[in-house]
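Student: Could you walk me through one part of this structure closely? I'd like a single connected answer that I can follow with the model open beside me.

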Amino acid sequence: MPDELVNVRYMVNGVQASIDFYTRHFGFELRSNAAPAFADVVRGRLRLLLAGPQSSAGRPMPDGRKPKPGGWNRIHFVVKDINGEVERLRDAGVSFRNEIVTGPGGQQIVIDDPSGNPIKLFQPAGN
């Protein structure tokens with residue numbers, strides 16, 4: 001269905017810090033806010049669900065494991081000028097996991113959100 005949102009959930013340490021980060025740096029709009037437990041932000045057809053430790057998503061599994069932020073799954077933003085985006089975000093104090101990497105498909109870099117969830121910026125080759 002063309003009007004349907006794509007939903008991605010990130011576990012976050014701080015819901016309000018995550019709202020601020022995604023709306024300020026990546027152009028998301030706040031959809032709902034039930035901080036400190038939960039909020040969701042939207043950019044285009046992407047709905048990012050920000051689940052804090054107090055949310056139902058933060059409850060331990062039956063085996064005792066607790067959901068937590070981080071890992072290597074990520075949202076992926078295609079950009080036209082990766083160098084310009086990196087400069088803009090560094091100037092704003094955003095944390096990066098690495099430097100720009102160039103491969104046959106283009107250039108990429110990985111950012112950490114305030115909870116350590118990765119975000120990938122990617123500029124396709126030839127752009």
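Tutor: Happy to! Let's begin at His 25, which counts as buried because its relative accessibility is 7%, where buried means under 20% relative accessible area, exposed means over 50% and partly exposed means in between, judged with a 1.4 Å probe and protein chains only. Before we go further, please keep in mind that this is a predicted model, in which local features need pLDDT of at least 70 and side-chain atom pairs count only at pLDDT 80 or more, while totals for chains, interfaces and linings use all residues. Residues are numbered from 1 along each chain as its sequence is written, and side-chain values use heavy atoms, with hydrogens and water left out.

His 25 sits in helix α1. Helices here are DSSP runs of H or I with at least four residues, strands are runs of E with at least two, and both are numbered from the N terminus. Setting aside neighbours within four places in sequence, His 25 is in contact with Arg 88, Leu 89, Ala 92 and Val 94; contact means heavy atoms within 4.5 Å. Glu 85 is 60 residues away from His 25 along the chain, yet their C-alpha atoms are separated by 9.9 Å.

One of those contacts, Leu 89, leads us into helix α2, residues 82-91, where Ile 82, Val 86 and Leu 89 are buried. These three cover an arc of only 70 degrees around the axis, so they lie on the same side of α2; the arc is that of the directions from the helix axis to the C-beta atoms. The face of α2 turned away from this buried side carries the exposed residues Glu 87 and Asp 91. What covers the buried residues includes α1, along with β6 (95-96), β8 (106-112) and β9 (118-124). After α2 comes Gly 93, with a positive phi near 85 degrees.

From the covering strands, pick out Gln 107, which belongs to β8. Gln 107 is partly exposed because its relative accessible area is 23%. Gln 107 touches Ile 82 of the buried set, and its other contacts beyond four places in sequence include Ile 100, Leu 121 and Phe 122. The C-alpha atoms of Gln 107 and Ile 82 are 7.5 Å apart, although 25 residues separate the two in sequence.

Now go back to α1, residues 15-26, and look at Ser 18. Ser 18 has a relative accessible area of 0%, so it is buried. Beyond four places in sequence, Ser 18 touches Val 12, Leu 50 and Ser 115.

A short detour takes us to the loop between β2 (29-34) and β3 (38-43), which holds Pro 36. The peptide bond from Ala 35 to Pro 36 is cis, with omega near 10 degrees.

Finally, let's place these parts in the whole chain. Two helices and nine strands make up its secondary structure, and along the sequence they run β-α-β-β-β-β-α-β-β-β-β. The radius of gyration is 15 Å, close to the 14 Å that the globule rule gives for 127 residues, so the chain is as compact as a globular protein of that length; the radius is taken over C-alpha atoms, and the rule is 2.2 Å times the number of residues to the power 0.38. Buried residues make up 37% of the 127. Of the contacts between residues at least 6 apart in sequence, 50% join residues at least 24 apart.
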